[in-house]
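User: I'd like to go through this model and ask how each label is earned. Could you set the values against the cut-offs for me?

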Amino acid sequence: MPKFLGHFFISVIHILYKEKGNFMKIRQLIVSPFLTNCYVLIDGIEAAVIDPGGETQKIINEVDKNGAILKYIILTHFHLDHTLSAQEIKKEKVAKIFIHGDEKNFLKFEPDEFLTEKGEIKIGKTYLEIIHTPGHTKGSICLLGKGFIFTGDTLFKDGFGRTDLLGGSPADLELSLLKLKKIFKTGMKIYPGHGDVFTYQK
Ligand SMILES: [Zn+2]
Ligand SMILES: [Zn+2]
């Protein structure tokens, strides 16, 4: 099967699977000069924004276009290219800002809740499990759904996040990537913080 067909096939399966019980979609918006992937997850009438790194209005428009109520703004880590619009969106939409507790000393504003590894976030009928993946920053997280995962700057299609910035650790990143490898399954859709969305193949 040609590569693009394989990808398409997996995407269709994913949507069908989700449609059994409800309707969930993920929209990718590329924002800021850093070309950050901001994602809007919509399930029924509820929505969550992941990594709003700029272009506030574009993100809000995407939520409104889908007639959804924004419940959460989830930040995979504290870097500005993932957090810049968080407070502006919160002001307009009264949503709650979530980030992992280990980012506390690096973040320039107060979130509504500090996440921990054991936590789970519910949007409509979709559950996102919090996977703590330090390395790029101390409190970097991935968000695991059924058949998909948001990886922030921990993992990209062609590599992984840098570890030479504040709170970074190459040893931690190595362990985090091993942790992810155990979670990944063939066909899982991966939504990284920069670059192409891709499907995991063993
Ligand atoms: Zn980053
Ligand atoms: Zn980034």
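Analyst: Here is a walk through the labels, starting with the overall picture. Keep in mind that this is a predicted model.

User: What makes up the chain, and how much of it counts as buried?

Analyst: The protein chain has five helices and 14 strands. Of its 202 residues, 43% count as buried. As for contacts with a separation of 6 or more, 53% of them are between residues 24 or more positions apart.

User: Why is Ile123 called buried?

Analyst: Count the neighbours: Ile123 has 21 C-beta atoms inside 10 Å. The cut-off for buried is 20 or more, so Ile123 counts as buried. Ile123 sits in strand E7.

User: Which residues does Ile123 touch, leaving out those up to four places away in sequence?

Analyst: The list is Leu41, Asp43, Glu46, Ala47, Ala48, Lys71 and Tyr72. Take Ala48: it is 75 residues from Ile123 along the chain, yet the two C-alpha atoms are separated by 6.8 Å.

User: What is the strand order in the sheet that has E7 in it?

Analyst: E7-E8-E9-E10-E13-E14, an open sheet of six strands with mixed pairing.

User: What makes E7 and E14 edge strands?

Analyst: Strand E7 (120–123) and strand E14 (198–199) each pair on one side only. For E14, the partner is strand E13 (residues 189–192), with two bridges in the antiparallel sense. Two strands pair if there are at least two bridges between them, and two is what E13 and E14 have. One bridge puts Lys189 with Thr199 in E14.

User: How do you know that E9 is covered on both faces?

Analyst: Look at each side of strand E9 in turn. Ile141, Leu143 and Gly145 are on one side, Cys142 and Leu144 are on the other, and all are buried. That fits the count for the strand, residues 141–145, where five of five residues are buried.

User: Which strands does E9 pair with, and in what sense?

Analyst: Strand E8 (residues 126–132) joins E9 through four bridges and runs antiparallel to it; there, Ile131 has Cys142 as its bridge partner. Strand E10 (residues 148–152) pairs with E9 over three bridges, again in the antiparallel sense, and Leu144 stands opposite Ile149. The hairpin of E9 and E10 has two residues between the strands, and Gly147 takes a positive phi near 85 degrees in it.

User: How do you know that the length of H5 fits a helix?

Analyst: H5 covers residues 170–183, which is 14 residues, and at 1.5 Å a residue the expected span is 20 Å. The end C-alpha atoms are 20 Å apart, so the two values agree.

User: What puts the buried residues of H5 on the same side?

Analyst: The buried residues in H5 are Leu173, Ser176 and Leu180. They cover an arc of only 60 degrees around the axis, and therefore lie on the same side of H5. There's a general reason such spacing works: an α-helix has 3.6 residues a turn, so residues three or four places apart point the same way. The buried residues of H5 pack against E9, strand E11 (155–156) and strand E12 (159–160). On the face turned away from them, Ala171, Leu178, Lys181 and Lys182 are exposed.

User: Why do you say the buried residues of H4 line one face?

Analyst: In H4, Ala86, Ile89 and Lys90 are buried. Looking down the axis, the buried residues of H4 fall within an arc of 100 degrees, so they line one face of the helix. Their packing partners are E3, H2, E4, helix H3 (80–83) and E5. Just after H4, Val94 takes a positive phi of about 55 degrees.

User: What about the other sheet: what is its order, and which strands are at its edges?

Analyst: It's an open sheet of six strands, E1-E2-E3-E4-E5-E6, with mixed pairing. Strand E1 (24–31) and strand E6 (113–115) are the edge strands, as each pairs on one side only. Neighbouring strands of this sheet are turned by 25 degrees against each other on average, direction ignored.

User: What makes E5 and E6 a pair?

Analyst: Three bridges join strand E5 (residues 96–100) to E6, and the cut-off is at least two. The two strands run parallel, with Ile99 opposite Phe114.

Notes:
Residues are numbered from 1 along each chain as its sequence is written. Chains are lettered from A and ligands numbered from 1 in the order in which they are written. This is a predicted model: local features need pLDDT of at least 70, side-chain atom pairs count only at pLDDT 80 or more; totals for chains, interfaces and linings use all residues. Axes are lines fitted to C-alpha atoms, for helices over the stretch in contact, and angles run from 0 to 180 degrees between N-to-C directions. A residue is buried if 20 or more other C-beta atoms lie within 10 Å of its own, exposed if 12 or fewer, and partly exposed in between; C-beta atoms are placed from the backbone. Two residues are in contact if their C-beta atoms, placed from the backbone, lie within 7 Å. The arc is that of the directions from the helix axis to the C-beta atoms. The expected span of a helix is 1.5 Å times one less than its number of residues.
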